[in-house]
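Student: I would like a close look at a single part of this structure. Please take me through one sheet and what surrounds it.

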Amino acid sequence: MFFLCSMGKLFYILFVKLYPVGAKIISPFNNKAKLWIKGRRNIFPVITNDLASDRNNRIWVHCASLGEFEQGRPIIEELKKNYPAYSIVLTFFSPSGYEHQKNYKGADHIFYMPADSKRNAQKFFEIVRPKLVLFIKYEFWYYYLSDAKKRNIPLLLVSAVFRRDQPFFKWYGNFHRQMLGCFTCLFVQNKTSQQLLHSIHFENAYVSGDTRFDRVLEVADNFQHIATIKNFCAGKTVIVAGSTWLEDDEELDHYVNTHPDYRFIIAPHNIGEPRLQECEKLYHHSIRYSEYIKTTNAGQQTTTNKLPVKDNQQTLNTLIIDNIGMLKYLYFYASICYI
């Protein structure tokens, strides 16, 4: 077992060392990698300077990306409401989370998470000094988790989902189980996840549900129509496909292209230029949302069903969403959702 744990740790160390190298190599050609590298440049002076005048106790909340942030957001806002004397330090691993929420008012300090290493974790905890740490759903960074445990800081995993095919539940998963052992409590979304954790003797697992439902209810309570989307749908049957990958679009494209009287809203998981071009090739009568706004006079056309046409005079029936953050509002307009 010690050998397996050591091998698991070795592979992990190689991964965390090679990941920044790989990101740096592809950064000239990949905007996400470029932001990942740029956002971590001089990260510790940035954190130190930002926290210098904050004398409050702190709670650290970490999210991988935007989806995890939406799950963590209701918790952050409840913490701010119930513990106003504490400052919230919010970190992201991915640029798609940080770049879209760096001005979020619910947190007091927002940073990229420094890459996982023994030195970085120690330095981060020495600067931030959190009294409580929350990791949202999927994030398992060995050195940060281990350092929190060494410092006896309460560490919670929130809205987690576990599956039997994950390394935690395999004969070779001792290193991964070691990371789970750093958590004070594991709050999971469903009974299956709890039972899996109990099967490997983690009795500190509790079913708390999915915090996304809290966020969905909050969005619903504060919903306001998006004029351009309302105009596009205009009483038609609407199918919204959320967070699609190429495989999803290849399943959908024939139906979309052969039902011109329906309205389709496609929100790709990745909105990089190559991915958007893939969607445009598959969906023959489509237009990007940003272009649709321009075509309809910056969204002022709200009372007619007259849609733009392509060169072949075919009325456009498909919107390709080329922004992040809108999807959660689009399901309101759907007759059918593809998720």
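**The sheet around S2**

Tutor: Strands S2 and S3 run parallel, and four bridges join them. One pair shows this link: Thr91 stands opposite Phe111 in S3. Keep in mind that this is a predicted model.

Now look to the other partner of S2. Strand S1 covers residues 57–63. Seven bridges join S1 to S2, and these two strands also run parallel. Take Asn57 as an example. Its bridge partner in S2 is Tyr86.

Is S2 enclosed or open to the outside? Count its residues. The strand spans residues 86–92, and six of the seven are buried. A residue counts as buried when its relative accessible area is under 20%. S2 is therefore largely enclosed by the rest of the structure.

Step back to the full sheet. Seven strands form it, in the order S3-S2-S1-S4-S5-S6-S7. The sheet is open, and the pairing is parallel. Find the two edges next. They are S3 and S7, and each pairs on one side only. S7 covers residues 205–207. Neighbouring strands are turned by 20 degrees against each other on average, with direction ignored.

A helix lies across part of this sheet. Helix H9, residues 191–199, crosses S5, S6 and S7. H9 runs at about 165 degrees to S7. Use the residue ranges to find the other two strands: S5 is 155–160 and S6 is 185–188.

Now go to the loop that leads into the edge strand S3. This loop starts after helix H5, residues 95–101, and ends at S3, residues 109–112. Lys105 sits in the loop. Is Lys105 buried or exposed? Its relative accessibility is 78%, so Lys105 counts as exposed. Check its distance to Glu77 as well. The two residues are 28 positions apart along the chain, and their C-alpha atoms are separated by 9.8 Å.

Next come some helix pairs. Two packed helices are described by the angle between their axes and the distance between the axes. Start with H3, residues 43–51, and H6. Their angle is about 10 degrees, and their axes are 10 Å apart. H3 and H6 are therefore roughly parallel to each other. Which residues of H3 and H6 meet? From H3 come Phe44, Ile47, Thr48 and Leu51. From H6 come Asn120, Lys123, Phe124, Ile127 and Val128. By class, this contact has six nonpolar residues, two polar and one charged.

H6 also packs against H7. H6 is residues 118–128, and H7 is residues 142–150. Here the angle is about 45 degrees, with the axes 8 Å apart. H6 and H7 are therefore oblique to each other. The crossing of H6 past H7 is right-handed. On the H6 side, the contact uses Lys118, Asn120, Ala121, Gln122, Phe124 and Phe125. On the H7 side, Tyr143, Tyr144, Asp147 and Ala148 take part. The classes are six nonpolar, two polar and two charged. Asn120 and Phe124 appear in the contact with H7, and they appear in the contact with H3 too.

The chain has another sheet, so compare the layout. Five strands form an open sheet in the order S10-S11-S9-S8-S12, and the pairing is parallel. Its edge strands are S10, residues 286–288, and S12, residues 336–338. S8, residues 238–244, pairs with S12 in the parallel sense over three bridges. In that pairing, Val240 stands opposite Cys337. Helix H12 packs on this sheet and touches S8, S9, S11 and S12. The direction of H12 makes about 160 degrees with that of S8. Helix H13, residues 273–282, packs on the sheet as well, touching S8, S9, S10 and S11.

Zoom in on one residue of H12. Val256 lies in this helix, which spans residues 246–257. Its relative accessible area is 2%, so Val256 is buried. Leaving aside neighbours within four places in sequence, Val256 is in contact with Phe264, Tyr283, Asn317 and Thr318.

Finish with the whole chain. There are 15 helices and twelve strands. Of the 339 residues, 48% are buried.

Definitions and conventions: Residues numbered from 1 in each chain as written. Predicted model: local features only at pLDDT ≥ 70, side-chain atom pairs only at ≥ 80, totals over all residues. Heavy atoms only, no water. Axes fitted to C-alpha atoms, helices over the stretch in contact; angles between N-to-C directions. Parallel < 35°, antiparallel > 145°, perpendicular 65-115°, else oblique. Left-handed = near helix turned anticlockwise from the far one by under 90°. Contact = heavy atoms within 4.5 Å. Nonpolar A, V, L, I, M, F, W, Y, C, P; charged D, E, K, R; others polar. Buried < 20%, exposed > 50% of the residue type's maximum accessible area, 1.4 Å probe, protein only. Pairing = 2+ DSSP bridges.
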